[in-house]
Amino acid sequence: MISVIVPVYNVEEYLDECVQSLVDQTYSNLEIILVDDGSTDNSGTLCDIWASKDERIKVIHQKNSGGARGGVITGVKASCGRYIAFLDSDDWYLPHSFEIFRENIIKYDADLVEYEYLNFYGSRKEKTSHRKFEILSEEQIKQQALKDYFRTGRQFASQWSYGRTDKLYKAEIVKQIIDELDPKITIYEDMEMNFHIANVCKKAVILENCHFYCWRRSVEGSISKRMIDKTIDEHLVYLDAMEKFATENGFDCSGVGIIRDSVFVDLMVMALFNNLPLSKKISYLKRLKKLVKNKKHITEFANNHAFITCNALRYVAHFDCVVPSVLSQIYLKIKK
């Protein structure tokens, strides 16, 4: 049996499509666990309606935990399947997904199989990068997913993904690490989980041309909808947990500073191109500027972010270059 864990929070618009995709799977021996994380819309009621229609569906209602992590932990502990998969409640799977995933995890006797996303931007559909079939040993996983990453701060030729929803796991390895996860993490929680998974995984299989997870991508940035300081604080909680994991497990942490700075630079970009009031944007950027330890990282990341069409990152780095007129007011404030 496969347990599919779906953390649910205020997704009444998309929940039916999500659950219907599980009910319609060609592999039917599923345990579908809907964890209603204190929804304030009709999501909880919809969960109960689905449970009344299909005996494979189990619903758990709990107080809001602040992020998907709470639903993940609750769902894993309540699961009974031999295998575990995760589905975000505004996404969906194609009908043959679990039949193919299960066939491969059994065929290769792997701890997990990894597949790819179909990205949906409204009606526009895009495949993620095409991975090649590969079987990763325990040492390869540790080297690529952990040692190289913490040592350099970058992911090189590895096909290992830090996503939570693009894998079918043996339940035993997820349950082995579930109590080690930091419940305070509300952002990048999938990455922290996969650090722990990579540390115990003996064998992983990367599936080729296997785009079965349908990911509804938002075209709007999220920062404008959230408290600015809270967003930075959430990232700091994750980064501290990441560094603690690397240190406690004896990894070379030479690249941790690069990882931290890359996160802060990404937040700068998101702020610059978001619909924030000017005063909030300036305050936010000033705080981020103080958090970046090595200012040369900003220039390096600017050179690697080809999708940015203006000199936003370069101006944050140098504070003396030509600034686009749209950003001139911010430039004058943050330069001080």
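**Group meeting: selected sites in a predicted single-chain model**

I begin with K290, whose place is in helix α10, residues 278–291. K290 is exposed, with a relative accessible area of 72%. Along the chain, K290 and F264 are 26 residues apart, and their C-alpha atoms are separated by 9.7 Å. Please bear in mind throughout that this is a predicted model.

Let me now turn to the chain as a whole. The protein chain holds 13 helices and 10 strands. Of its 336 residues, 53% count as buried. As for contacts between residues at least 6 apart in sequence, 78% of them join residues at least 24 apart.

The next site is S43, which is found in helix α2, residues 43–53. Is S43 buried or exposed? The relative accessible area of S43 is 0%, and because buried means under 20%, S43 is buried. If we leave aside neighbours within four places in sequence, S43 is in contact with V8, N10, V11, E12 and L15. With one of these, E12, there is a specific approach to report: the side chain of S43 reaches the backbone nitrogen of E12 at 3.2 Å. S43 may also be paired with S89, which is 46 residues away in sequence and 9.8 Å away in space, C-alpha to C-alpha.

N10, one of the contacts of S43, deserves a comment of its own. N10 sits in the loop between β1, residues 2–8, and α1, residues 15–23. Its phi is near 50°, a positive value in a residue other than glycine. N10 is partly exposed, at a relative accessible area of 29%.

V8, another contact of S43, also appears in the surroundings of D37. D37 lies in strand β2, which spans residues 30–37. With a relative accessible area of 3%, D37 is buried. Which side chain makes a polar contact with the side chain of D37? The partner is S65, at 2.9 Å. Setting aside neighbours within four places in sequence, the contacts of D37 are V8, Y9, Q62, K63, N64, S65, G66 and G67.

I move on to W92, in strand β5, residues 92–93. W92 counts as buried, at 12% relative accessibility. Not counting residues up to four places away in sequence, W92 touches E17, C18, S21, L87, F120, F212, Y213, C214 and R216. A separate C-alpha comparison pairs W92 with D16: the two residues are 76 apart in sequence and 9.8 Å apart in space.

Now to a pair of helices. Two packed helices are described by the angle between their axes and the distance between the axes. In this model the pair to consider is α3, residues 68–78, and α7, residues 189–200, whose axes come within 10 Å and cross at roughly 40°. This crossing makes α3 oblique to α7. On the α3 side, the contact is made by A68, R69 and V72, and on the α7 side by E189, E192 and M193. By residue class, the contact of α3 with α7 divides into three nonpolar, no polar and three charged residues.

Y188 lies in the loop between α6, residues 171–177, and α7. Like N10, Y188 is not a glycine, yet has a positive phi, here of about 60°. Y188 is partly exposed, with a relative accessible area of 29%.

Finally, a word on cysteines. A disulfide is a covalent bond between the sulfur atoms of two cysteines. How many disulfides does a search of the whole structure find? The search finds zero. Two cysteines may be placed by their accessibility. C80 counts as exposed, at 56% relative accessibility. C253 has a relative accessible area of 25% and is partly exposed.

To close, I return to three of the sites. S43 is buried in helix α2, and its side chain reaches the backbone nitrogen of E12. D37, also buried, has a polar contact with the side chain of S65. K290, in contrast, is exposed.

Terms used:
Residues are numbered from 1 along each chain as its sequence is written. This is a predicted model: local features need pLDDT of at least 70, side-chain atom pairs count only at pLDDT 80 or more; totals for chains, interfaces and linings use all residues. Side-chain values use heavy atoms; hydrogens and water are left out. Axes are lines fitted to C-alpha atoms, for helices over the stretch in contact, and angles run from 0 to 180 degrees between N-to-C directions. Helices (H or I, at least four residues) and strands (E, at least two) are DSSP runs, numbered from the N terminus. Angles under 35 degrees count as roughly parallel, over 145 as roughly antiparallel, 65 to 115 as roughly perpendicular and the rest as oblique. Contact means heavy atoms within 4.5 Å. Ala, Val, Leu, Ile, Met, Phe, Trp, Tyr, Cys and Pro count as nonpolar, Asp, Glu, Lys and Arg as charged, and the others, Gly among them, as polar. Buried means under 20% relative accessible area, exposed over 50%, partly exposed in between (1.4 Å probe, protein chains only). A polar contact is a pair of N or O atoms within 3.5 Å; within protein, one must be able to donate a hydrogen and the other to accept it, and residues adjacent in sequence count only if both atoms are side-chain atoms. A disulfide is a pair of cysteine sulfur atoms within 2.5 Å.
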